[in-house]
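Got your viewer open and a selection tool to hand? Let's walk through this protein one stop at a time.

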Amino acid sequence: MAVRNQLIHQSPQAVWAVLADPNLYGEWVVGPSESTPLDQLWPEVGSRLRYTVRLGPWSTEGVTTVRHRETGRELELEASFKALGTARIFLQLRPWGEETLVVCDEHPLRGLGGTLHNPVSEAALQLRHRGMLARLARLVENDRHEVRRA
C-alpha cells in the first residue's frame, strides 16, 4: 500500500477547494492529460470524472468515482482504468497548525493491477504520489487560486 505525506502551506479549506474543483483534477493528478466531469455534483459520493491518459500516440480513457467524502477532511476515490482494473485513492487532510498535512494512500483494488501488484509497482506509485502531492501543493499555494477558495 503506497502511503505518502505532503505538508501544504495553506489551510485544509484551501486544499479542499482545489480537490473539490473537477476542472483542476488534471492539474494536480499525475497521469491524466485532460478530465471532464460526468456529473455536476463533484465531489458528492457517486459523482464521476472521465479522464484521458496519453503516452505518445497511445491514449485511453478512465473514470474516477467518489466513494467516500467528509467535506474538508477526506476524499476517497476509485479510479477505473479499463483493462488494468481499479485503484483506491484516499486523501486525508489533517490540520497542522495553520497548514495542512495531506496523507495519500493508494492501492490496486480490482483487476489486473491488483493481480500484478508487487514491490516494483509499489515503488512506481510512490514516485507518482511524490509528483502528484507536489503538484497539489503548488496549485493550492499559488495565489492566483485565492479567488476559488472564497
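Begin by selecting Pro12, Ala14, Val15, Trp16, Ala17, Val18 and Leu19, which are the buried residues of helix H1. Helix H1 covers residues 12-19, and with seven of its eight residues buried it is mostly covered. A word before you move on: what you are looking at is a predicted model.

**Just before H1: Ser11**

Step back to Ser11, in the loop that runs between strand S1 (2-8) and H1. Is Ser11 buried, exposed or partly exposed? Its relative accessibility is 23%, so Ser11 counts as partly exposed, given that the buried class ends under 20%. Now show its surroundings: leaving out neighbours within four places in sequence, Ser11 is in contact with Glu98 and Thr100. You can also draw a distance from Ser11 to Leu93: the two are 82 residues apart in sequence, yet their C-alpha atoms are 9.3 Å apart in space.

**The whole chain**

Zoom out and colour by secondary structure. You should find five helices and seven strands in the protein chain. Starting from the N terminus, the order of elements is β-α-α-β-β-β-β-β-β-α-α-α. The C-alpha trace spans about 40 × 30 × 30 Å along its principal axes. For 150 residues, a compact globule would have a radius of gyration near 15 Å, and the chain agrees with this because its own value is 15 Å. Switch on the surface if you like: the accessible area comes to about 8,100 Å², and carbon and sulfur atoms account for 53% of it. Of the 150 residues, 43% count as buried. Among contacts with a separation of 6 or more, 46% are between residues 24 or more positions apart.

**Helix H2 and Gly26**

Next, select Gly26, which sits in helix H2. Which residues does Gly26 touch, once its neighbours within four places in sequence are left aside? They are Pro32, Ser35 and Arg135. Add Tyr51 to the selection as well: Gly26 and Tyr51 are 25 residues apart along the chain, with 8.0 Å between their C-alpha atoms.

**Pro32 again, from Arg54**

Keep Pro32 on screen and pick Arg54, a residue of strand S3. The C-alpha atoms of Arg54 and Pro32 are separated by 7.3 Å, although the residues are 22 apart along the chain. Arg54 has a relative accessibility of 43%, so Arg54 counts as partly exposed.

**A cis peptide bond**

Move to Pro43, in the loop between strand S2 (32-37) and S3. Look at the bond that joins Trp42 to Pro43: this peptide bond is cis, with omega at about 5 degrees. For context, most peptide bonds are trans.

**Last stop: the largest pocket**

Finish at the largest pocket, which has a volume of about 810 Å³. To find its centre, select Phe81, Leu84, Glu106, Leu125 and Arg128, the closest to that point among the 31 lining residues. The elements that each give two or more residues to the lining include H2 (25-28), S3 (48-55), S4 (58-70) and S5 (74-80). Also among them are S6 (86-96), S7 (99-110), H3 (112-115) and H4 (119-141). Which element gives the most to this lining? That is H4, with five residues. Colour the lining by class and you will see 21 nonpolar, eight polar and two charged residues.

How values were computed
Residues numbered from 1 in each chain as written. Predicted model: local features only at pLDDT ≥ 70, side-chain atom pairs only at ≥ 80, totals over all residues. Heavy atoms only, no water. 1 Å grid on protein atoms, 1.4 Å probe; cavity = no way out; pocket = protein on both sides within 12 Å on 5 of 7 lines; lining within 4 Å. Points joined across faces, edges and corners; volume = space filled by probe spheres on them. Helix = DSSP H or I, 4+ residues; strand = E, 2+ residues; numbered from the N terminus. Nonpolar A, V, L, I, M, F, W, Y, C, P; charged D, E, K, R; others polar. Rg over C-alpha atoms; globule rule 2.2 N^0.38 Å. Buried < 20%, exposed > 50% of the residue type's maximum accessible area, 1.4 Å probe, protein only. Contact = heavy atoms within 4.5 Å. Areas by Shrake-Rupley, 256 points an atom, 1.4 Å probe, with all protein chains shown as cover.
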